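Q: Hey, could you walk me through this one? I'm new to looking at proteins, so plain words please.
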Amino acid sequence: MLQLAIANKSTNLLFVPPDILDYPTSQDMVVLEGTNVTLTCAATGVPEPTVNWKREGDKSITSVEDSGITSHDGAMLHIYHIQRHNAGSYHCIASNGVPPTVSKRIIVTVNFQPIVRLPTRQYYAELGGRVTLECHSEAQPNSINYWMKGKGEIILQGGTYDSTLEDHVFKVTMRITIRLEKASDYGVYKCVAKNSLGTTEESVRVYRKTSKTKQVENQVIQQSNYLGSTTFLKNYTDNKINEILLTASAASSSCGAHGPFGWLVVGIALVTGT
């Protein structure tokens, strides 16, 4: 960089605007998540420049995503136990009161094993119908994504894989529509994401939905020596039975130990209808 020295006649001092040296200033780098990273910014000038670090978008400059710390003063920036949200552009800015201020951008890429998230783990559909399964993955470097049936049968046909790159992280939304033509089409399906750092999978289960819907009509009668109150809970699905029993049982134990309150669970019955 061409620099112009500025002389101050009254003091006979020479002022030199700041410059950032290519070496030993850090270059773009790829690091592994969880490691410690040091960024260096070597600046020259007269007087000696000060260095300030910032990220694009005023994001946290530490490994804590919501730390609120968005800048750092000093020639070196230490990031301990770097995380995927630390990936992106870092700017070192050198200034010494002599214009112009200069800056350099350093891009940090953080590699990590894929993670998989599921909107839901359970799907219900009737025989002869269809069901669309969905999952989301994040990875760096980019991942290979696919679905599996049961313990290891890779589904090669169909499915959509919408990939985007956000903040130097590859994000993939996976959807596949299953035709439920026979009983064996129900069961466990796996969403798989794989890159050079490892493989991650999560499972969903497809259940057969029958024309007859089971309902549970139950009453939970809460008896109080002081209030004599009664609570009725009705029309719960099958999945609520165990929850109700466990809740009532826990309450009964708690009240028996701490006071003259009692719980009575009655009238739990399965009602089958069309």
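Q: Which residue forms a salt bridge with Glu56?
A: That's Arg105, and the closest N and O atoms of the pair are 3.9 Å apart. Keep in mind that this is a predicted model.

Q: And where do Glu56 and Arg105 lie?
A: Glu56 sits in the loop between strand 6 (50–55) and strand 7 (71–73), while Arg105 belongs to strand 10 (residues 102–117), so the salt bridge ties together parts that are 49 residues apart in sequence.

Q: Is Arg105 buried or exposed?
A: In between: Arg105 counts as partly exposed because its relative accessibility is 47%. Glu56 is partly exposed too, with a relative accessible area of 41%.

Q: Why can side chains like that pair at all?
A: Side chains of opposite charge can pair when their charged atoms come close.

Q: How many salt bridges does the structure hold?
A: Eight. One of them joins the side chains of Arg84 and Glu33, at 2.9 Å from N to O.

Q: Where are Arg84 and Glu33 in the chain?
A: They're in distant parts, 51 residues apart. Arg84 is in the loop between strand 8 (76–79) and strand 9 (88–95), and Glu33 is in the loop between strand 3 (29–32) and strand 4 (37–40).

Q: What about the accessibility of Arg84?
A: Arg84 is at 23% relative accessibility, so it counts as partly exposed. Glu33 is at 21%, which makes it partly exposed as well. The cut-off for buried is under 20%.

Q: Got another salt bridge for me?
A: Sure, Arg117 forms one with Glu138, with the closest N and O atoms 3.0 Å apart. Arg117 lies in strand 10 and Glu138 in strand 12, so this pair ties together parts that are 21 residues apart in sequence.

Q: Is Glu138 buried or exposed?
A: Glu138 is buried, since its relative accessible area is 16%. Its partner Arg117 is partly exposed, at 46%.

Q: Which residues are joined into one network by salt bridges that share partners?
A: Glu134, Asp162 and Arg175.

Q: OK, new topic. What does the secondary structure come to?
A: One helix and 20 strands.

Q: What's the order of the open sheet of five strands?
A: It runs 11-18-17-13-14, with mixed pairing. The edges are strand 11 (122–125) and strand 14 (153–155), each of which pairs on one side only. On average, neighbouring strands of this sheet are turned by 35° against each other, direction ignored.

Q: In what sense do strand 13 and strand 14 pair?
A: Strand 13 (residues 144–149) pairs with strand 14 in the antiparallel sense, over three bridges. If you want a spot to look at, find Trp147, which stands opposite Ile155 in strand 14.

Q: Where is the place of Ser143?
A: Ser143 is in the loop between strand 12 (130–140) and strand 13. It counts as buried because its relative accessibility is 11%.

Q: What does Ser143 touch?
A: Leaving out residues up to four places away in sequence, Ser143 touches Pro114, Ser137, Ala193, Lys194 and Asn195. The side chain of Ser143 also makes a polar contact with the side chain of Asn145, at 2.8 Å.

Q: Last one, zooming out: how much of the protein counts as buried?
A: 33% of its 274 residues. The accessible surface comes to about 16,500 Å², and 53% of that belongs to carbon and sulfur atoms.

Terms used
Residues numbered from 1 in each chain as written. Predicted model: local features only at pLDDT ≥ 70, side-chain atom pairs only at ≥ 80, totals over all residues. Heavy atoms only, no water. Helix = DSSP H or I, 4+ residues; strand = E, 2+ residues; numbered from the N terminus. Buried < 20%, exposed > 50% of the residue type's maximum accessible area, 1.4 Å probe, protein only. Areas by Shrake-Rupley, 256 points an atom, 1.4 Å probe, with all protein chains shown as cover. Pairing = 2+ DSSP bridges. Axes fitted to C-alpha atoms, helices over the stretch in contact; angles between N-to-C directions. Polar contact = N/O pair within 3.5 Å; in protein donor to acceptor, adjacent residues only side chain to side chain. Contact = heavy atoms within 4.5 Å. Salt bridge = Lys/Arg side-chain N within 4 Å of Asp/Glu carboxyl O.
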